[in-house]
Amino acid sequence: MSVGPGHYAALSAIVFTLGIYGVLTRSNLVGVLMALILLFAAPVIALVGFTHTGMGGSQPPLGDAFALFAVVGSGVEGAVGIAIALLVWRRTGSSDVDELVEVEG
Amino acid sequence: MNAVVFYILAALIVAASAATVGATRLRDAAAALTLAVTAIAILTGAAGAPLVAVAQFAVPLLCAGAALLLIRRGGYRGLARPARAVARMRWAGAGVAAAFGALLITVFITANDGWHAGSGTASLITVLHYRTPYALVIAVILAGAGVAMALLIGRTGDDERATDEMLAARRRREERVQRRREDRERAKRRRGEETPVEAGA
């Protein structure tokens, strides 16, 4: 049995769903960032899968270029996210997302 | 790729991802995320994209390493303190995530025969160089701007320190006022309870 684009798509969808769940339900800022990294990794799986399986295997790896772009985006999001988390921690002394919603300016 | 290898890696990725979003302790979640990222990198490499695999492995781990270093050495240990495992809106979050998942799966199933077709082969470096230079340039600019933005947001200059101290002092003052108010109310209640006793005496 061979692995086709659909397999990668399904795996990507599952990881994306788990990432969304983590972003919406994690209460710690660092936890939310971790879930965001998962969220960014999901399209990489799909892009690479589409590029290297089925008919995509016989053409230039354009999908890889965009996957690389997504990985860079994930790194940037991680860096900016951590910086914001540190700033919020310094200003409010809290890392709980629910508490931050209630903080007044 | 061998189907058995794919299924083993897929199971590992799903399990590690679930542990990342479900683990109570952040340390466990970080370990699970490392496992998930590593498994995704291996899958990417096995699929035939070694350069993407290296980036997929290195970039998140570099970010995580930098964050760990900052939290440990910069006096931000409290940032990673154990919080409630999940937020108050966990059921709403689960519903939204399930809706997204169902939408994605439906789209992928209905597009079963609609994958792109083409011809010719080239390496990723060639593609980046000649076919998608905009992706490469935007990625480089994005990386530079992102790191600069992170440094700008996270910097601890004199003005930032002064603001932080001012805010911390205000927080302490508010806590003191709140404590005093509670003490006064407690004392008032106590007096209210004592009065009938004294009256009886």
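## Where the two chains meet

In this predicted model, 79 residues of chain B are in contact with 73 residues of chain A. On the chain B side, the elements giving two or more residues are helix 1 (3–22), helix 2 (26–47), helix 3 (50–73), helix 4 (90–110), helix 5 (124–131), helix 6 (133–154) and helix 7 (158–200). Helix 6 of chain B gives the most, with 11 residues.

As for chemistry, the side of chain B that touches chain A splits into 56 nonpolar, 17 polar and 6 charged residues.

## Chain A at a glance

Chain A has 4 helices and 0 strands, so to speak a plain α-α-α-α when you read along the sequence. Of its 105 residues, 71% count as buried.

Sequence-distant pairs matter for the tally here: among contacts in chain A with a separation of 6 or more, 58% come from residues 24 or more positions apart.

## Helix 1 of chain A

Helix 1 of chain A covers residues 5–25, which is 21 residues. From first C-alpha to last it reaches 30 Å, close to the 30 Å expected at 1.5 Å a residue. Is this helix buried or exposed for the most part? It is largely enclosed by the rest of the structure, because 18 of its 21 residues are buried.

## Helix 1 against helix 1

Now take helix 1 of chain A together with helix 1 of chain B: they pack at an angle of about 10°, and their axes are 9 Å apart. With angles under 35 degrees counting as roughly parallel, that makes the two helices roughly parallel.

Chain A's helix 1 brings A:H7, A:L11, A:I14, A:V15, A:L18, A:Y21 and A:G22 to the contact. From helix 1 of chain B come B:F6, B:A10, B:I13, B:V14, B:S17, B:A18, B:T20 and B:V21. An α-helix has 3.6 residues a turn, so residues three or four places apart point the same way. Sorted by class, this helix pair's contact has 11 nonpolar, 4 polar and no charged residues.

## A closer look at A:A70

A:A70 sits in helix 3 (residues 62–92) of chain A. Why does A:A70 count as buried? Because there are 21 C-beta neighbours inside 10 Å of A:A70, and the cut-off for buried is 20 or more.

Which residues does A:A70 touch, leaving aside neighbours within four places in sequence? A:A70 is in contact with A:F40, A:P43, A:V44 and A:L47. The C-alpha atoms of A:A70 and A:A41 are separated by 7.7 Å, though the two are 29 residues apart along the chain.

How values were computed: Residues are numbered from 1 along each chain as its sequence is written. Chains are lettered from A and ligands numbered from 1 in the order in which they are written. This is a predicted model: local features need pLDDT of at least 70, side-chain atom pairs count only at pLDDT 80 or more; totals for chains, interfaces and linings use all residues. Two residues are in contact if their C-beta atoms, placed from the backbone, lie within 7 Å. Ala, Val, Leu, Ile, Met, Phe, Trp, Tyr, Cys and Pro count as nonpolar, Asp, Glu, Lys and Arg as charged, and the others, Gly among them, as polar. The expected span of a helix is 1.5 Å times one less than its number of residues. A residue is buried if 20 or more other C-beta atoms lie within 10 Å of its own, exposed if 12 or fewer, and partly exposed in between; C-beta atoms are placed from the backbone. Axes are lines fitted to C-alpha atoms, for helices over the stretch in contact, and angles run from 0 to 180 degrees between N-to-C directions. Angles under 35 degrees count as roughly parallel, over 145 as roughly antiparallel, 65 to 115 as roughly perpendicular and the rest as oblique.
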